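Before any single residue is interpreted, it helps to know how a chain is built and where its model can be relied on. The report below takes up these points in turn.

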Amino acid sequence: MSKACFCSSSVGRKVFMAITGAFLVIFMLLHMSLNLFVIGGAESYNAMCHFMGLPFIKYGLQPVLALGFIVHIIYGLYLAVKNSAARPVNYKNANYGAASSWASRYMWLTGLVVLGGIALHMVNFWVKIQITGLPEGVADDYTLVVNLFKNDLYTILYIVWFVILGVHLAHGFWSMFQSSGQAYVKWLPCLQKLALLYCAVITLGFTFVALWCRFIA
Ligand code: HEM
C-alpha cells in the first residue's frame with residue numbers, strides 16, 4: 001500500500017486518530033496532575049509553572065502534545081461530518097439504545113462545547129501568561145488561576161465544561177472501541193472500564209482544582 005493510500009484508508013485514519021488521540025490523553029492527564037500543585041499553595045504552583053516554562057518543555061514537549069491535541073480534534077470533526085454525510089438517512093434517524101443515544105447523537109454539540117471551553121480557557125490563562133503578560137495587580141500565575149475561580153460564574157462554567165468534556169471523551173473511547181472490529185473483543189470490557197476510569201479521573205481532577213481554588217485557596 002502506498003503512503004497516500006494508507007493515510008486515506010480506514011485503517012490509516014484509525015491509526016492516525018489513535019496516535020493523535022494518545023497525545024490528547026497524555027496531555028490532559030499531565031495538565032490535570034500538574035494543576036493539582038495548587039493544593040501546595042502559591043510557591044508550589046508557581047514552581048510548577050516555572051518548570052513548565054523551561055525551554056525543553058515550553059518549546060519541545062508542550063507544543064508537540066498541544067499540536068497532536070489540536071490535529072486530533074480538527075481531524076475528528078472532519079471525519080464526523082464526512083461520515084454523517086455518507087450515512088443513509090435511516091441510519092441517521094435510527095433509534096439508538098437509551099444509554100449511548102444521547103451522547104452519540106450530540107457528539108458534535110459536546111465537541112463544540114469542549115472547543116468553545118478551550119478557546120475561553122486560552123483567553124483566561126494562556127494569552128495572559130504567554131502573550132500579553134499578567135494583568136495589573138496579579139502577582140503570579142497562581143493568583144491568576146485562583147482569582148478566576150473566586151468568581152462563581154466561572155467556577156460553574158468551568159465545571160459544566162469538565163463534565164461535558166468527560167461525557168465527550170467517554171463516548172469517544174466507546175465508539176473507538178466499537179469500530180476497532182473483532183481484534184480486541186477479549187480486552188473490550190477491560191478497556192472500556194479503563195477508559196471510563198480515565199474520564200472520571202480527568203473530570204473529577206479538574207473539578208477538584210476549581211473547587212479548591214474557589215473555597216480553600
Ligand atoms: C482547573 C482546570 C484547569 C486549570 C487551572 C488550567 C490552567 C491552565 C494554565 C494556567 C494554562 C497556561 C499555562 C502556561 O501557558 O504556562 C493552561 C493552558 C492550557 N490548558 Fe488548561 N487548565 C485547566 C483545564 C484545562 C482543560 C480541561 C483543558 C482541555 C480540555 C485544558 C487545556 C489547556 C491547553 C490546550 C493549554 C495551552 C497549552 C499549555 O500551555 O499547556 N486546560 N491551563
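The text that follows covers the overall build, the confidence of the model, two helix pairs and one histidine.

This is a predicted model, and its protein chain contains 10 helices and zero strands, so that reading along the sequence gives the pattern α-α-α-α-α-α-α-α-α-α. Of the 217 residues of the protein chain, 31% count as buried. Among the contacts in the protein chain with a separation of 6 or more, 72% are made by residues 24 or more positions apart.

Confidence varies along the protein chain, which averages a pLDDT of 84, with 86% of the residues scoring at least 70. Among its elements, helix α8 (residues 141-149) has the highest mean pLDDT, 98, while helix α5 (residues 89-92) has the lowest, 48. Over residues 90-96 the pLDDT stays under 50, and for this stretch the model has seven contacts beyond four places in sequence. Where pLDDT is low, the predicted coordinates should not be read in detail.

Two helix pairs can be set out side by side.

| Helix pair | Angle between axes | Distance between axes | Citation |
|---|---|---|---|
| α7 (residues 107-132) and α8 | about 160 degrees | 11 Å apart | |
| α2 (residues 10-35) and α10 (residues 188-215) | roughly 35 degrees | within 9 Å | |

In the pair of α7 and α8, the axes pack at an angle of about 160 degrees, which makes α7 roughly antiparallel to α8. The crossing of α7 and α8 is right-handed. On the α7 side the residues that take part are Asn124, Phe125, Lys128 and Ile129, and they meet Asp141, Leu144, Val145, Leu148 and Phe149 in α8. By class, this contact of α7 with α8 has six nonpolar, one polar and two charged residues.

The crossing of α2 and α10, by contrast in hand, is left-handed. Here Leu24, Val25, Met28, Leu29, His31, Met32 and Asn35 in α2 meet Tyr198, Val201, Ile202, Gly205, Phe206 and Val209 in α10. The residues of the contact of α2 with α10 divide into 10 nonpolar, three polar and no charged.

Is His121, a residue found in helix α7, buried or exposed? With a relative accessible area of 15%, His121 falls under the 20% cut-off and is therefore buried. Leaving aside residues up to four places away in sequence, His121 touches His31, Trp126, Tyr158 and Trp161. One of these partners, His31, also belongs to the α2 residues that meet α10.

Technical notes
Residues are numbered from 1 along each chain as its sequence is written. This is a predicted model: local features need pLDDT of at least 70, side-chain atom pairs count only at pLDDT 80 or more; totals for chains, interfaces and linings use all residues. Side-chain values use heavy atoms; hydrogens and water are left out. pLDDT is the predictor's confidence in each residue, from 0 to 100. Helices (H or I, at least four residues) and strands (E, at least two) are DSSP runs, numbered from the N terminus. Contact means heavy atoms within 4.5 Å. Axes are lines fitted to C-alpha atoms, for helices over the stretch in contact, and angles run from 0 to 180 degrees between N-to-C directions. Angles under 35 degrees count as roughly parallel, over 145 as roughly antiparallel, 65 to 115 as roughly perpendicular and the rest as oblique. A crossing is left-handed if the near helix is turned anticlockwise from the far one by less than a right angle, and right-handed if clockwise. Ala, Val, Leu, Ile, Met, Phe, Trp, Tyr, Cys and Pro count as nonpolar, Asp, Glu, Lys and Arg as charged, and the others, Gly among them, as polar. Buried means under 20% relative accessible area, exposed over 50%, partly exposed in between (1.4 Å probe, protein chains only).
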